[in-house]
Amino acid sequence: MTGMTAVDLDRELFFEGMSEPSLHRLASAARPVEFPAGRRLFEEGGTADRFWLVREGTVELDLHVPGHGLVIIETFGSGSVLGWSWLHAPYRWRFGARTAGEVRAIEFDGRLVRAICAVDHAMAYELSRRFTEVIVDRLQATRMRLLDLYAAPWERRWAPDGPHAK
């Protein structure tokens, strides 16, 4: 993979404070990518072997919910990290994702990043810490979306912040 440098990665908030040697190693696993609107990036259950930092555009994270079909869990844009399933076995996507508009991103080869982490324990720790925050955010968004889907109809109608709130 080519096209990214440690300087490029250092500009991204997600990597703020990481050491220059770690950023150089990460840059070896990164490349710039562009996706058209409506592009399916990955499917729930598929092989997870990469992750992205969204630079421009919007991505929808979704989940198949029995009785409801495909449900959008979260929508995010510039500066967001997409994908954490590459980090932990069995390396399967826990969600699906689709571009809601044109997207420019930095794509990382997850297998190569795992190999680099196997020899650079400080970088492995830093990435694990940063991705743990992403995982917690995604779980909270999923929880909130599922609570909304499965709330009793009267709870949705009459909730203090619902459509009939005064």
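## Strands and pairing

Two strands pair if DSSP finds at least two bridges between them. Helices (H or I, at least four residues) and strands (E, at least two) are DSSP runs, numbered from the N terminus. With that in hand, we can look at β3 and strand β6 (residues 81–82), which pair in the antiparallel sense over 2 bridges. Within this pair, Trp52 has Leu82 of β6 as its bridge partner.

A word on the model itself: it is predicted, so local features need pLDDT of at least 70 and side-chain atom pairs count only at pLDDT 80 or more, while totals for chains, interfaces and linings use all residues. Residues are numbered from 1 along each chain as its sequence is written, and side-chain values use heavy atoms, with hydrogens and water left out.

## The sheet around β3 and β8

The β3–β6 pair belongs to an open sheet of 4 strands in the order β1-β8-β3-β6, with antiparallel pairing. Because β1 (30–35) and β6 stand at the edges with a single partner strand each, one side of each is left without a neighbour in the sheet.

Inside this sheet, strand β3 (residues 50–56) is joined to strand β8 (residues 103–109) by 6 bridges in the antiparallel sense. Here you can find Val54 opposite Ala105 in β8. On to β1, which is joined to β8 by 6 bridges and runs antiparallel to it; Ala30 has Phe108 in β8 as its bridge partner.

## The other sheet

Which order do the strands of the open sheet with β2 follow? The order is β2-β7-β4-β5, so named for 4 strands with antiparallel pairing. At the edges stand β2 (40–42) and β5 (69–76), each with a single partner strand, so one side of each has no neighbour in the sheet. From one strand to the next, the twist averages 30°; angles run from 0 to 180 degrees between N-to-C directions, and axes are lines fitted to C-alpha atoms, for helices over the stretch in contact.

Strand β4 (residues 59–65) and strand β7 (residues 96–99) run antiparallel and are joined by 4 bridges. One of the residues to look for is Asp62, whose bridge partner in β7 is Gly96.

## Two helices

Helix α3 (residues 110–119) lies across β3 and β8, at about 45° to β8. Contact means heavy atoms within 4.5 Å.

In helix α2 (residues 20–27), the buried residues (under 20% relative accessible area, 1.4 Å probe, protein chains only) are Ser22, Leu23, Leu26 and Ala27. They lie on the same side of α2 because they cover an arc of only 140° around the axis, taken from the directions from the helix axis to the C-beta atoms.

Methods
Buried < 20%, exposed > 50% of the residue type's maximum accessible area, 1.4 Å probe, protein only.
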